[in-house]
Each structure stands twice: as structure tokens, then as C-alpha cells.
Amino acid sequence: MDTLPKRSKVAGPYRYALNVMEPYLVFPFKNPDVYSIASLLLSVLFLVFSNRFILIALLTVTLILDWMDGAAARRFKKTRKEGYLIDVMFDRISEAFLFAPIIGTPLGKWFAMFYLMNIAFSFYAIISSKHYVLALRFIYLLLLVFNLQMR
Amino acid sequence: LPLGITLACKLLIVTCKLLHILDKNNSSIYNQHMSTPAHIISGAYLGVITAHIAPSETNYILIALVSGGILDLDHVYYFIKDWKYYKENGFIGKMHRARSFFHEMIGFFLIGAVMLLLSYYDTKLSLVIGIPYIIHATEDIIMGKSTPFTPFDKTSIQFVPQNMKLKTIVDISVIIIFSFLWILYLNAAK
């Protein structure tokens, strides 16, 4: 992989909404890796907490931090291949922490299957330079918000 | 409780001594990642808590402890295989060479598949095997040098400087914090 993988057009409207809000973001740190690590460390708490409202709060902050690492890289001209790999890798680890506790439930098993697909997509992105990903954490957040959680 | 505290203190002293000796000899095998006891103690605790294992379910606890450290077995394979290389060049800054793909994203895929299959049989077993493994791999990724998308991409990633002092501090902190949490957990049974 020599260039950063391009995002799929399917994610266009979602990316557009984020791009509109991006200039208004305030960054306490210039290093994008700080947000990636913070997001990952926060994800470990998914293993410990099962309260719906705590999970909604944790997941929201995690997703915002995940968005901020890419935004910080673009703002401070630090976009690089390593950054992309870190972002993708940490997203997958964060999903592992999020979906592991619900693996005993039927919907948890579906999430686990889609999680495995996401890892395969990550490898495909590296090989083909086309970024495909299933927004599993975002879907899970919606399920939590609408009280359809599986715990 | 006193027995737990004594054991935790002894474990901490042994780890400190070991790290000190290895650092003194300048041939630390621990300089690129956290030590195996730190992985075991942290991973197994989170696995046991996530799976809601009671302190009396010792078989699950034992499996979690084994799963927390089993990933380090791949280092042994590389030490034996590349012994000549390590003898000539030393261990410092070269530990990432002693890691197999089980430490990287392929490992996450494999353990995810194992967890999914096991969850149909026994969810608790699936969690006590999977979580300690994931925690171990994550700690190594953060503290060491990794090539996450090997064999498709050989780009290596590093977050923290590879310095022994920092590793020792993190290692000891993890051992202290999780020893305390283990004592609380085991004590809750009484």
C-alpha cells in the first residue's frame, strides 16, 4: 500500500456531515495518535460497564475521539500511512472490546460475525487501497439509544 | 486477604528484581513489551470480570490465567529459531522480530473466530479465553513495536519510546493495580 485507501462512495453523506463540522473542532493536542490511544483506552471500559447510559456516553466519546484523530491529522498536515494503519487497527480492537461482552446473545453473535468481516475488510483495504468498513459501533450506538441493546 | 497481599507483594518484588537484573545485564528480553506476569494479571482479571466468573469457579480462572500468557509462547519459538541472531545482536530493540502474526491483526481475527465458535458451546469459556488474549495483544501493540497488517503490509508502528525505565514503570504499575483488584475480587467471595 503506497497511498492512503480511498473511502467508498456509500459513506459519502456520512462523511459530508462530518466534513461540515470538522472546521469547528477544537484540538487540545496536535498529535493524532493521542486521540487514537485515548479512544482505545476508553474502549477497555466496555468490558467493565453494562449500564445502558454509561455505554451510550462511553461509545459517543469513543466515536468522537475516533473522528478527532483523523481530523487532527488533516488539520495539522500529519496524514500518513502509519496513521491510517493505527486508526484502522484501533477501530478493530475497540470493536472487539465492545462486542465481546455480548457474544453470548443472538444479536451479539451477529455483531461478532460482522466484526470478523470488518477485519477482513481492513486487510482488503490494505491490499486494494479502497477503504470499506461496516459502521458497527455507530449501529450499536443507535441500538443502545433506541433501547434495543442485547445485554 | 493477608495471604493475597503477601503473594502480591512477593510477586511484585520478584518482578522488580528480575527487571532490574535484566536491565543491569543490558540484555533485557522485556525491553520491547510488557512482562508476561503483567499480561497475565491484567488480561485474566478483565476476562474473569467480563464473563462474571465467581471466585469459586476456579477452572475458568485458571483458563483465563493461561490464556493471558499463552501468546508469549511464540517468543520462545523465535528465540530458538533465531538464537544465533539474538546472541550476536542482543535483544534490545529486536523483540518485534520475535513476534508471530498471532500478536497482530490476524491474531485478532483468529481469536474472534474461536470466541464466536466457543460462544455457541459455553459463553463464559469463550470470554475467559478471548478477553485475556485480546488484552495481551493490545498491551503489546501499545507498548512495543508492531506490524499490524503483516503479511500484507510490513509497516511497523510504535507509540512509546522503547526505553527500559518507562517499561518498568508501566509494568510495575499494572502489576500493583491489578494485584489490588484481584485481592478485592477474591475477597468478595467471603
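The lining of the second largest cavity divides by class into two nonpolar, three polar and five charged residues. Ala, Val, Leu, Ile, Met, Phe, Trp, Tyr, Cys and Pro count here as nonpolar, Asp, Glu, Lys and Arg as charged, and the others, Gly among them, as polar. The residues concerned are A:S36, A:S39, A:L40, A:D66, A:D69, A:D87, A:F90, A:D91, A:S94 and A:R137. A cavity is a set of points on a 1 Å grid over the protein atoms alone where a 1.4 Å probe fits but cannot get out; a pocket is an open set with protein on both sides within 12 Å along at least five of seven lines; lining residues have an atom within 4 Å of a point. The volume of the second largest cavity is about 50 Å³. Volumes are the space filled by probe spheres set on the points, with grid points joined across faces, edges and corners. Helices α2, α4 and α5 of chain A each give two or more residues to this lining. The largest contribution is that of α5(A), with four residues. Helices (H or I, at least four residues) and strands (E, at least two) are DSSP runs, numbered from the N terminus.

The model is predicted: local features need pLDDT of at least 70, side-chain atom pairs count only at pLDDT 80 or more, and totals for chains, interfaces and linings use all residues. Residues are numbered from 1 along each chain as its sequence is written, chains are lettered from A and ligands numbered from 1 in the order in which they are written, and side-chain values use heavy atoms, with hydrogens and water left out.

Two cavities of 30 Å³ or more occur in the structure. The largest has a volume of about 100 Å³. Its lining draws on both chains: A:A96, A:F99, A:A100, A:I103, A:A112 and A:Y115 are among the residues from chain A, and B:F108, B:I111, B:G112, B:M115 and B:I134 among those from chain B. At least two lining residues come from each of α5 and α6 of chain A and α6 (105–121) of chain B. With four residues, α6(B) gives the most. Ten of the lining residues are nonpolar, one is polar and none is charged.

The second largest pocket holds about 620 Å³ of space. It is lined by 23 residues, of which A:L41, A:V44, B:E139, B:V174 and B:F178 are the closest to its centre. Chain A contributes at least two residues from each of α2 and α3 (45–48), and chain B does so from each of α2 (36–50), α7 (123–143) and α8 (164–187). The largest share, seven residues, belongs to α8(B). By class, the pocket lining has 19 nonpolar, three polar and one charged residue.

Aromatic pairs number 15 over all chains. Rings of Phe, Tyr and Trp (its six-membered ring) pair if their centres lie within 6.5 Å; planes under 30 degrees apart count as stacked, over 60 as edge-to-face and the rest as tilted. The pair of A:F27 and A:F76 is edge-to-face, because the ring centres are 5.7 Å apart and the planes stand at 75 degrees. This pair links distant parts of the chain, 49 residues apart. A:F27 sits in the loop between α1 (12–21) and α2 (32–43) of chain A, and A:F76 in the loop between α4 (52–75) and α5 (81–99) of chain A. A:F27 is buried, at 13% relative accessible area. A:F76 is partly exposed, at 26%. Buried means under 20% relative accessible area, exposed over 50%, partly exposed in between (1.4 Å probe, protein chains only).

A second edge-to-face pair joins A:F123 and B:F149, with ring centres 5.5 Å apart and planes at 80 degrees. It crosses between chains, from helix α6 (residues 106–128) of chain A to the loop between β1 (145–146) and β2 (157–158) of chain B. Both A:F123 and B:F149 are buried. Ring pairs also link A:F27, A:F29, A:Y35 and A:F76 into a cluster. A:K109 lies over the face of B:Y120, 4.9 Å from the ring centre. A charge sits over a ring if NZ of Lys or CZ of Arg is within 6 Å of the ring centre and within 35 degrees of the ring normal.

Chain A contains seven helices and two strands. Of its 151 residues, 50% count as buried. In chain B, B:S146 lies in strand β1. B:S146 is buried, with a relative accessible area of 2%.
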